[in-house]
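I opened this model to look up how its strands pair and how two of its helices pack. My notes follow the order in which I checked things.

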Amino acid sequence: MSTDVAAGTAAGSAAGLLGSIMDRLDASPRYRLARLLFHRHENLLPPTLFLGGVGWDAATLRRIDALVDNVFLAVYLALLGGFIMLTAFDRGGKLRLKPLKQLTGWSTGAIQFLCGGLFSAYVIYYTQSASLTTASLFLLVLVSLLVANEFMWERTGTGNLYILFGIYFLAVFCYFTFFLPILFGTIGYGLFILSGIVSAIIVGSMLFILYRAGIFKTTASYLGAVSVVVSLLLLVNVFYLQHWIPPVPLALRHGGMYRAVEVEKDAYALRYAKAPWYAFWEDPDEEVFEYAPGDEVHCFAAVFAPTELKTNVYHRWQKYDPKTERWVSTDRIGYNVEGGRDNGYRGSTFKQNVQPGEWRVTIETEDERPIGRVNFEIVPADTSADREYGTRLYY
């Protein structure tokens, strides 16, 4: 009984403190002016928040494993969940405390801002891990949510709990898909499933609290909200199994084709054939590889992984068969990657005796999710002409 009294006293003190803060704000002319301007120019907020949120994240986010960034995103998630619950209680007529009622006037803007901040961060992180393959489909989903977030509240408001909790589930899920691998130092489908389960438990607990509080008028409406979460959980698993989700937190820092790859102290020396003087814009890595008998074709890749994360990556060499119009795998060569380097863990594979035609090397995880891809073409070299070579150092 004493525990209940203590909890009630603590809750009352917190409510009193919040009420005191809100009363002081209401008495402030500046606060009243800010609230007036907020409601008067709500139509200008979507593009403002959109550009501001993306710009802020682009300027402040560092590495995906940066502690400060992850803490900020976790705070964003907690605040977003709090404002969603506040909105739900308010819409259900169950909000009794005056300080909390005063906060509801900011709910739509707060939810919009927090969603924008979270999804713009996810877009930045997932962009680093998505190659121009099917793995970019989930990135397109995130971009769509980011853009839709800035405009859909004008039409739907924050009254549709199905939309709110569906978006919140995806926000929590996206966070855990890269945070748990950072925490455990490995990646794989097991951690992906765990991310989904943890996210479903968090959102499911919130829905159950609302159900017990009578926010959902019927059991059917409560089960409808639960079914949205379950459907999204199943959908993201389908995306994973189809390799439509980028392998965060891994990211390809650099990938290219070279004549030779050698280690020189702290750098990798990448040898390439120089382009003609008039083609000064061409990159050192060779998209058109002039091959002569005895040449080696090297694929160099630098894969970023968070500190303490250890995993295997593979280079899948494929040649295009114009008869069947399909890519045919010739080799899949792997090596270990250890995280921590800003420029990525460096590694290379090579082949000899290659045939002319279109080739590609996909840098992928152990479960065949693409991290990046290098496309190039093998053409016969003119052995009568002198070839000039250059060397690029990659640190």
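Which residue in β7 is the bridge partner of Trp-317? I found Asp-331 in that place. The model is predicted, and I kept local features only at pLDDT of at least 70 and side-chain atom pairs only at pLDDT 80 or more, while totals for chains, interfaces and linings use all residues. Residues are numbered from 1 along each chain as its sequence is written, and side-chain values use heavy atoms, with hydrogens and water left out.

Hairpin. I noted that β6 (residues 310-321) and β7 (residues 326-338) pair in the antiparallel sense over 12 bridges, where pairing requires at least two DSSP bridges between two strands and strands are DSSP runs of E with at least two residues, helices being runs of H or I with at least four, both numbered from the N terminus. Between the strands lie 4 residues, and Glu-325 takes a positive phi near 55 degrees.

Open sheet. I then traced 3 strands in the order β2-β3-β11, paired in the antiparallel sense. Because β2 (260-264) and β11 (389-394) stand at the edges with a single partner strand each, one side of each is left without a neighbour in the sheet. β3 (residues 267-273) pairs with β11 over 6 bridges, and Tyr-268 stands opposite Tyr-394 in β11.

Helix pair. Last, I looked at α9 (residues 161-184) and α11 (residues 219-241), whose axes come within 10 Å and cross at roughly 35 degrees (axes are lines fitted to C-alpha atoms over the stretch in contact, with angles from 0 to 180 degrees between N-to-C directions). Among the residues that meet, with heavy atoms within 4.5 Å, are Phe-169 and Phe-173 in α9 and Val-228 and Leu-232 in α11.
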